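Hi there,

Here is the structure I promised to pass along. Have a look at it first, and my notes on what turned up follow underneath.

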Amino acid sequence: EDHQIAPVLVSDVSLSFWGGIDEKTGIVIDTTHPLHGMSVEGTILCLPSGRGSCTASQVLLELILNEKAPKALVLRDRDGLA
């Protein structure tokens, strides 16, 4: 079996993907967020929830296409789109 290890990026503050993460770089650009300036690329991103509208899926797709996406997204709260 192939086991991969990824860094875990954790915040107790929700994050809006739309306007919160640069889809071209994977860097958190929300200046009010504790993860500001950090890259989500290749991480296991753990958040209490997303924040904002349903555009998070669009930003996630852009991150994937640009190879800047997290390896996994773990949310404490159920996502309204699930």
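A polar atom in the side chain of Ser11 lies 3.0 Å from the backbone nitrogen of Val13. Please keep in mind that this is a predicted model, so every value here is computed from it. Ser11 sits in the loop that links strand E1 (8-10) to E2. Is Ser11 buried or exposed? Its relative accessibility is 8%, and because buried means under 20%, Ser11 counts as buried. Leaving aside residues up to four places away in sequence, Ser11 touches His33, Pro34, Leu35, Cys46, Leu47 and Pro48.

A second serine is worth a look alongside that one. Ser49 belongs to the loop between strand E2 (44-47) and helix H1 (56-65). Although 38 residues separate Ser11 and Ser49 along the chain, their C-alpha atoms are 9.9 Å apart. Ser49 has a relative accessible area of 17%, so it is buried too. Which side chain does the side chain of Ser49 meet in a polar contact? The partner is the side chain of Ser14, at 2.7 Å. Ser14 also appears among the residues that Ser49 touches, together with Leu15, Leu75 and Asp77, again not counting residues up to four places away in sequence.

Glu67 caught my eye for another reason. Most residues other than glycine have a negative phi. Glu67 is not a glycine, yet its phi is positive, at about 55°. You will find Glu67 in the loop between H1 and strand E3 (72-75), and with 66% relative accessibility it counts as exposed.

Now for the chain as a whole. There are one helix and three strands, and their order along the sequence is β-β-α-β. The radius of gyration is 12 Å, which agrees with the value near 12 Å for a compact globule of 82 residues. Along the principal axes, the C-alpha atoms fill a box of roughly 40 × 25 × 25 Å. Buried residues make up 30% of the 82 in the chain. Of the contacts with a separation of 6 or more, 68% join residues 24 or more positions apart.

On the surface side, the accessible area of the chain is about 5,400 Å², and carbon and sulfur atoms account for 54% of that. The chain carries 6 positive and 11 negative charges, and the mean positions of the two sets are 4 Å apart.

Best wishes

Definitions and conventions
Residues are numbered from 1 along each chain as its sequence is written. This is a predicted model: local features need pLDDT of at least 70, side-chain atom pairs count only at pLDDT 80 or more; totals for chains, interfaces and linings use all residues. Side-chain values use heavy atoms; hydrogens and water are left out. Helices (H or I, at least four residues) and strands (E, at least two) are DSSP runs, numbered from the N terminus. Buried means under 20% relative accessible area, exposed over 50%, partly exposed in between (1.4 Å probe, protein chains only). A polar contact is a pair of N or O atoms within 3.5 Å; within protein, one must be able to donate a hydrogen and the other to accept it, and residues adjacent in sequence count only if both atoms are side-chain atoms. Contact means heavy atoms within 4.5 Å. The radius of gyration is taken over C-alpha atoms; the globule rule is 2.2 Å times the number of residues to the power 0.38. Accessible areas come from the Shrake-Rupley method with a 1.4 Å probe; for residues, only the protein chains shown count as cover. Lys and Arg count as positive and Asp and Glu as negative; His and the chain ends are not counted. The place of a charge is taken as NZ of Lys, CZ of Arg, CG of Asp or CD of Glu.
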